[in-house]
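This report walks through selected features of one molecular structure, moving from a single residue to the elements that surround it and then to the nucleic acid.

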Number of protein chains: 2
Amino acid sequence: MGGVSTTAPATAGRDLPHPARTEIRLEAVLHALSDPMRLQIVRELAAERDELTCSHFDLPVTKSTSTHHFRVLREAGVVRQCYRGTAKMNGLRREDLDDLFPGLLDSLLSAAARQAVRLGG
Amino acid sequence: MGGVSTTAPATAGRDLPHPARTEIRLEAVLHALSDPMRLQIVRELAAERDELTCSHFDLPVTKSTSTHHFRVLREAGVVRQCYRGTAKMNGLRREDLDDLFPGLLDSLLSAAARQAVRLGG
DNA sequence: CGGCTCGTACGATAGGCATCGTAGTACGGG
DNA sequence: CCCGTACTACGATGCCTATCGTACGAGCCG
């Protein structure tokens, strides 16, 4: 506070609001994953075990829509997002989810993989 | 047609359309369970390991809305419904779901139970 | 038959949401 | 300093859905 006109140092105003671990609701997680696009994002994020930029994903929608989906995932507590230069990094909140709902994420991922095999190949 | 005036024997025209096992989609299941009301229904259905009538559930909505939620669950392949007299019985499609997505249902139920304890107790 | 209970069908309503396009902001590099 | 890249914000649109109320159909019971 005080007289600092440029309120924050670097990447100011670029923090993204995330729900705390205890604020994550199962219904919101399920809703977030009930969209094919978002489920696909989460699957890729789980496969690569690292953070990925938004632009890494080649989604069949405009960037506006893409932004929307990533926000839904973040607000549901499924992914953690932060800026790194101009890029926005996305990481799965594995630890938080595993702590809240042990085994759920793995079951969901394996269910999605199984369905992909069944329908796609 | 034919001579039979009462077209069908009993509970005629009262069959309910269900998706076949192979038509059940993960996204639809997750969407169905992302509603608190429907998640509660499924939890009760899993607790009592028997079929339950619609009226057994004391939901804070009108009967119209209740009918709607049960239909969503049925069309997603989560529950199987049939008539028994005037009552409509609801049963969890455990076998189908376990075959398609092994472990998923249990993970979901346990996640829901865990959250109920965490928030309610 | 008459009435009761259970559930359905249909229409209305209000809110949510997936999608787009356009205009704009933040950062890094030449 | 200017430009390109990455992402956002905002408004519009059309669809889906959760909810209700009312009117109705189907089966049971006296």
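Contact is taken here to mean that heavy atoms lie within 4.5 Å. The structure is a predicted model, and the description begins with one residue of chain B.

Leaving aside neighbours within four places in sequence, B:Ser34 is in contact with A:Glu27, A:Leu30 and A:His31. B:Ser34 lies in the loop that joins helix 1 (26–33) to helix 2 of chain B, and its side chain reaches the backbone oxygen of B:His31 at 2.8 Å. Because its relative accessibility is 12%, and buried means under 20%, B:Ser34 counts as buried.

Helix 5 of chain B covers residues 104–120, and because these 17 residues should span 24 Å at 1.5 Å a residue, the separation of 24 Å between its end C-alpha atoms agrees with expectation. The buried residues of this helix are B:Leu104, B:Leu105, B:Ser107, B:Leu108, B:Leu109, B:Ala111, B:Ala112 and B:Gln115. What covers them includes helix 1 (26–33) and helix 5 (104–120) of chain A, together with helix 1, helix 2, strand 3 (87–92) and helix 4 (94–100) of chain B.

Strand 3 of chain B also belongs to an open sheet, in which 3 strands follow the order 1-3-2 with antiparallel pairing. The edges are formed by strand 1 (52–53) and strand 2 (79–84) of chain B, each of which pairs on one side only. Between strand 1 and strand 3 of chain B the antiparallel pairing runs over 2 bridges, and B:Leu52 stands opposite B:Asn90 of strand 3.

Which residues come nearest to DNA strand D? Of the 24 residues around this strand, they are A:Thr67, A:Lys88, B:Ser64, B:His68 and B:His69. By class, the surface near DNA strand D has 5 nonpolar, 14 polar and 5 charged residues. Of the atoms of DNA strand D within 4 Å of the protein, 71% belong to sugar or phosphate, and the rest belong to bases. Three polar contacts with DNA strand D are set out below.

| Residue and atom | Atom of DNA strand D | Distance |
|---|---|---|
| A:Cys54, polar backbone atom | phosphate oxygen | 3.5 Å |
| A:Ser64, side-chain N or O atom | base nitrogen | 3.4 Å |
| B:Thr62, polar backbone atom | phosphate oxygen | 2.8 Å |

The elements that give two or more residues to the surface near DNA strand D are helix 3 (63–76) and strand 3 (87–92) of chain A, with helix 2 (36–47) and helix 3 (63–76) of chain B. The largest share, 4 residues, comes from helix 3 of chain B.

Definitions and conventions
Residues numbered from 1 in each chain as written. Chains lettered and ligands numbered in written order. Predicted model: local features only at pLDDT ≥ 70, side-chain atom pairs only at ≥ 80, totals over all residues. Heavy atoms only, no water. Near = heavy atom within 4 Å. Polar contact = N/O pair within 3.5 Å; in protein donor to acceptor, adjacent residues only side chain to side chain. Nonpolar A, V, L, I, M, F, W, Y, C, P; charged D, E, K, R; others polar. Buried < 20%, exposed > 50% of the residue type's maximum accessible area, 1.4 Å probe, protein only. Expected span 1.5 Å × (residues − 1). Pairing = 2+ DSSP bridges.
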